[in-house]
Amino acid sequence: MTMNRRTLNIALAAASLGSLLPASAFAQKKLVLGFAQVGAESEWRTANTESIKSSAKEAGIELKFSDAQQKQENQIKAIRSYIAQKVDVIAFSPVVESGWETVLREAKAAKIPVVLTDRSVNTKDDTLYVTFMGSDFTEEGRKAGRWLTEKMKDQKGEVNIVELQGTVGSAPAIDRKKGFEEIIKADPKFKIIRSQTGDFTRAKGKEVMEAFLKAEGKKINVLYAHNDDMAIGAIQAIEEAGLKPAKDITVISIDGVKGAFEAMIAGKLNVSVECSPLLGPQLMQAVKDIKAGKTLPKRIVTEEGIFPMEVAAKEFPNRKY
Ligand code: GZL
């Protein structure tokens, strides 16, 4: 079939136009991810941020990133700005469980998929997010409880525990408490005599442990801290009170960050339950899968271990955060 003159002219014009456009005009448009981070409160959070930033770069995904300094209103503001910028996907780690439905409905109305990472939200409407990827905090609390009940199984008399809770209202604080208590309630000798938030920071952990020591002193047998940073702050308080951490007071914490391994190698922390912050690769894969129209499971759980001080020196070189 011969091409008539008019069609030929159109084809030639299109071809010459094509040669005028930059190659980038034909390159696939980069996916844009808006990420609203909790803050920079702990070693764990720093490692989590690093994982997200480096994975976005590696995946060729444009990352818009915000640090909410542990304030919910700042996270909500950031999510709204991502909606206004019409990003492809929004992801965030909710600083607390409640108060998200309004802004998540705004994202849904704007047809922007949302991924929850690290922490989840309280909502009956699970169409407000595509998937929640992160640890099972209740199981982390159970692991801490099982380690303690095993260690103290032959202990006669009361075992008095003080507890440094994470951020009030946050999923890890609520669930780590729940899991730990589920295990220790089997034996009435275990008693939580003081429990207060240290907001996941070293400084607050030290301050609250000082108050615990002032109030209860040598009555304290065990410290259960919801993260390593608070445990490390508390260890300083224990030493300043003239006591030996991990000996006079058994110290149990969660995260498995480098600082915890250093404290275990120094003989000042008894055990750290792993909670991996390395969610970046999984998140970037989820972003690509969502934009490719794939269906994701509603819940993606990160598998984790537990590290007592006896294995810390051997395991330390393998640690990635
Ligand atoms: C747990 C994460 C917690 C860590 C803390 O997944 O949300 O927040 O345990 C961090 O160290 O501050």
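**Overall fold, nonpolar cores and backbone outliers**

The secondary structure of the protein consists of eleven helices and twelve strands. The model is predicted. Along the principal axes, the C-alpha trace extends over about 100 × 40 × 30 Å. The radius of gyration is 25 Å, whereas a compact globule of 321 residues would have a value near 20 Å.

Of the 321 residues in the protein, 50% are buried. The exposed surface amounts to about 15400 Å², of which carbon and sulfur atoms supply 54%. Contacts were also examined by sequence separation: among those between residues at least 6 apart in sequence, 74% join residues at least 24 apart. The charged side chains comprise 48 positive and 42 negative groups. The centres of these two sets lie 5 Å apart.

In soluble globular proteins, nonpolar side chains tend to be buried together. In this model, the largest nonpolar core has 48 residues, and those with the most contacts inside it are Leu148, Ile161 and Met209. Helix 8, which covers residues 228–240, gives the most to this core, contributing six residues. Another core, of 24 residues, lies apart from the largest one and includes Ile76, Ile90, Val96 and Leu128.

The surroundings of Ile161 were listed without its neighbours within four places in sequence. On this basis, Ile161 is in contact with Leu148, Phe180 and Ile184, with the run Phe190, Lys191, Ile192, Ile193 and Arg194, and with Val222 and Tyr224. Leu148 thus appears both as a contact of Ile161 and among the residues with the most contacts inside the largest core.

Most residues other than glycine have a negative phi. Gln69 has a positive phi of about 50° although it is not a glycine. Gln69 is located in the loop that connects strand 2 (62–67) with helix 3 (72–84). The relative accessible area of Gln69 is 54%, so this residue counts as exposed, the cut-off being over 50%.

A positive phi, of about 75°, is also found at Asp118, which is not a glycine either. Asp118 belongs to the loop between strand 4 (114–117) and strand 5 (131–134). With a relative accessibility of 4%, Asp118 is classed as buried, the cut-off being under 20%. The two loop residues therefore fall in opposite classes, Gln69 being exposed and Asp118 buried.

Notes
Residues numbered from 1 in each chain as written. Predicted model: local features only at pLDDT ≥ 70, side-chain atom pairs only at ≥ 80, totals over all residues. Heavy atoms only, no water. Helix = DSSP H or I, 4+ residues; strand = E, 2+ residues; numbered from the N terminus. Rg over C-alpha atoms; globule rule 2.2 N^0.38 Å. Buried < 20%, exposed > 50% of the residue type's maximum accessible area, 1.4 Å probe, protein only. Contact = heavy atoms within 4.5 Å. Areas by Shrake-Rupley, 256 points an atom, 1.4 Å probe, with all protein chains shown as cover. Lys, Arg positive; Asp, Glu negative; His and termini not counted. Charge placed at Lys NZ, Arg CZ, Asp CG, Glu CD. Core = buried A, V, L, I, M, F, W, Y, C linked by side-chain atoms within 4.5 Å.
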